[in-house]
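Q: I have a new model open and would like to learn how to read it feature by feature. Where should we begin?

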Amino acid sequence: MQNNFQNPEQELICINVDKVYDWVLKENTFDFFPTGPITFPGIPTTGLGGAVVTCEVTPATTNPVVIVRRENRQFTIDGDIVCLQQLTIRKNFTLVLVLTLPTGTVIRSAAIPVSRSEQVIMCAPEGTDVTVTFTDLDCFISSQGTFVPGAAGTLVFTGLVVTVSTCQSIQATFPVTVEFLADFCQPRAELAIGACPLPAMPPQCPVLYPD
């Protein structure tokens, strides 16, 4: 016999949410080899010997991630044939080279657009939205090489290798309407201004010590 009793503090509600079809974390590293003249606004014409090159990288402000292609592929998983999608994703970045002179002067280059494409297999059928969030994005100079002044305000690098590393959270989602029985929220207690805090210990590091 079905029990139709409903807690008066609960309500059957419908809400709009994004259903996650698939979710993967993907790590990727690639090298960039700038060869043409790179503009450094305000760079002096002398005193560049011994300068150190570093870099900064951020997602492009326009179209940082573009799904170039979405192709169906069949795979056998645990004995079952499933249709998944092979996504070709183009990631667009903005790279800035930072020149630190022996005097301590720091000079930043003009923004350099950098793009790379990669493929990932996941459940992302046509109609789903694919979003890419960079959980970590960094770059470093693998090889500084040499550089010489080019035209006014530019440097030309030889042998410069910039390594860009990315950690990405990739989700395929689709908006759905779901129904569930929920509890009504209750207000929290008011904060007491001026209350004395309880004694507390600093955070521990049990992963490192003791072993």
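A: Let's begin with one pair of strands. This is a predicted model, and in it strand 8 and strand 11 (residues 161–183) run antiparallel, joined by 13 bridges. For one spot along that pairing, look at Ser143, which stands opposite Val161 in strand 11.

Q: In what order do the strands of that open sheet come, and is the pairing parallel or antiparallel?

A: Read the order across the sheet rather than along the sequence. Three strands make up this open sheet, in the order 1-11-8, with antiparallel pairing. Strand 1 (10–32) and strand 8 (129–143) each have a single partner strand, so they stand at the edges and one side of each has no neighbour in the sheet. On average, and ignoring direction, neighbouring strands here are turned by 15° against each other.

Q: How many helices and strands does the chain have?

A: Zero helices and 11 strands. Written along the sequence, the pattern is β-β-β-β-β-β-β-β-β-β-β. You can also ask how far apart in sequence the touching residues are: among contacts between residues at least 6 apart, 78% join residues at least 24 apart.

Q: What share of the residues is buried, then?

A: Of the 211 residues in the chain, 27% are buried. The chain exposes about 14,300 Å², and carbon and sulfur atoms supply 57% of that.

Q: How do I read a nonpolar core? Which members touch the most others?

A: Here's the general idea: in soluble globular proteins, nonpolar side chains tend to be buried together. In this model the largest nonpolar core has 27 residues, and those touching the most other members are Phe40, Leu95, Leu97, Leu99, Leu155, Phe157 and Val162. Several elements give two or more residues to this core, including strand 3 (52–59), strand 7 and strand 10 (154–158). Strand 5 gives the largest share, four residues. Another core, of nine residues, lies apart from it, and Leu87, Val120, Met122 and Ile170 are among its members.

Q: What does Leu155 touch?

A: Leave out residues up to four places away in sequence, and its contacts include Ile38, Phe40, Ile43, Leu48, Leu99, Phe147 and Val148. Gly36, Pro37, Pro149 and Gly150 are also among them.

Q: And a loop residue such as Ser109: is it buried or exposed?

A: Check the accessibility as well as the location. Ser109 is in the loop between strand 6 (106–108) and strand 7 (112–122). Its relative accessibility is 8%, so it counts as buried, the cut-off being under 20%. Beyond its neighbours within four places in sequence, Ser109 is in contact with Ile38, Thr39, Phe40, Pro41, Val96 and Leu97.

Q: Which cysteines form a disulfide?

A: Start with the distance between sulfur atoms. A search of the whole structure turns up one disulfide, formed by Cys55 and Cys139 with their sulfur atoms 2.3 Å apart. The link is right-handed, with 140° about the S-S bond. Cys55 lies in strand 3 and Cys139 in strand 8, so the pair ties together parts 84 residues apart in sequence. Cys55 is buried at 12% relative accessible area, and Cys139 is buried at 6%.

Q: Why is Cys83 without a bond to Cys123?

A: Because its sulfur is 8.6 Å from the one in Cys123, the closest cysteine sulfur, which is too far for a bond. Cys83 is partly exposed, with a relative accessible area of 43%. Cys14, by contrast, counts as exposed at 54% relative accessibility.

Methods: Residues are numbered from 1 along each chain as its sequence is written. This is a predicted model: local features need pLDDT of at least 70, side-chain atom pairs count only at pLDDT 80 or more; totals for chains, interfaces and linings use all residues. Side-chain values use heavy atoms; hydrogens and water are left out. Buried means under 20% relative accessible area, exposed over 50%, partly exposed in between (1.4 Å probe, protein chains only). Contact means heavy atoms within 4.5 Å. Accessible areas come from the Shrake-Rupley method with a 1.4 Å probe; for residues, only the protein chains shown count as cover. Two strands pair if DSSP finds at least two bridges between them. Axes are lines fitted to C-alpha atoms, for helices over the stretch in contact, and angles run from 0 to 180 degrees between N-to-C directions. A nonpolar core is a set of buried Ala, Val, Leu, Ile, Met, Phe, Trp, Tyr and Cys residues joined through side-chain atoms within 4.5 Å. A disulfide is a pair of cysteine sulfur atoms within 2.5 Å.
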